[in-house]
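Colleague: Could you take me through the pockets in this model, and tell me how each label was earned?

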Amino acid sequence: MTILVLTLVGGDRAGLVAAVADVVDRHGGNWENSQLAELSGVFAGVVEVSVLPARADELRESLSVLDGLLSVTVSTGSEPSAEAAAMRPLTLQVIGNDHPGIVREMTTVLRSHDISIDRMTTETREAAMYGGRLFEATVTARIPASVDLAALTQELERLATEIQVDVTFGS
């Protein structure tokens, strides 16, 4: 099977997911994995689809029918490399008073250790007890075998103190 990764963006309204699913189904594709969200009135998503190689180009072309509803970008996926498969998992939970720079600071540390982010979700919300907005993030990542986990943990804890957030580690 050929793996296609669809990136979808458009004004939010009912029926967008069904429209994409209809096109995928008409071409014998299988909806594998997805992350979909409405953010400030805009629908955005990433969908992994598998399809027979002989039908992949046909599916790509048919997705252009969604122009006007959604902007669709199609990329060809690949199997993870042996190096990626050998990486250790890491999960971080970050919470604190919201302020500019939290994501930049945290991801700069991860990048400096060649850590690949698989998934990251962030949210800000009112925190009545704290008198401001609360920032929360969950990061799922992969750590290369060469990374010193103790040094990484120490650097993230130092940063958390500096930018005044709590970081919880999991695996």
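Modeller: Here are the pockets, followed by two residues. This is a predicted model, where local features need pLDDT of at least 70, side-chain atom pairs count only at pLDDT 80 or more, and totals for chains, interfaces and linings use all residues. Residues are numbered from 1 along each chain as its sequence is written, and side-chain values use heavy atoms, with hydrogens and water left out.

Colleague: What makes something a pocket and not a cavity?

Modeller: On a 1 Å grid over the protein atoms alone, a cavity is a set of points where a 1.4 Å probe fits but cannot get out, whereas a pocket is an open set with protein on both sides within 12 Å along at least five of seven lines. The largest pocket has a volume of about 730 Å³, that is, the space filled by probe spheres set on the points.

Colleague: Which residues lie nearest the centre of the largest pocket?

Modeller: Glu48, Pro80, Asp118, Arg119 and Arg142, out of 22 lining residues; lining means having an atom within 4 Å of a point. E6 gives the largest share of that lining, five residues. By class, the lining has nine nonpolar, eight polar and five charged residues.

Colleague: And what lines the second largest pocket?

Modeller: Gln35, Leu36, Ala37, Leu39, Ala44, Val46, Thr121 and Thr122, around a volume of about 200 Å³. Strand E2 supplies the largest share, four residues. No charged residues are in this lining, just five nonpolar and three polar.

Colleague: Back to Arg142: why is it called partly exposed?

Modeller: Its relative accessible area is 22%. Buried means under 20% and exposed over 50%, with partly exposed in between (1.4 Å probe, protein chains only), so Arg142 at 22% is partly exposed.

Colleague: How do you know that Arg142 makes a polar contact with Asp118?

Modeller: Their side chains come to 2.7 Å. A polar contact is a pair of N or O atoms within 3.5 Å, and within protein one must be able to donate a hydrogen and the other to accept it; residues adjacent in sequence count only if both atoms are side-chain atoms. The 2.7 Å pair is therefore a polar contact.

Colleague: Why is Ser62 called buried?

Modeller: Ser62, in helix H2 (residues 53-63), has a relative accessible area of 18%, so the under 20% rule makes it buried. Its side chain also joins that of His27 in a polar contact of 2.8 Å.

Note on methods
Helix = DSSP H or I, 4+ residues; strand = E, 2+ residues; numbered from the N terminus. Nonpolar A, V, L, I, M, F, W, Y, C, P; charged D, E, K, R; others polar.
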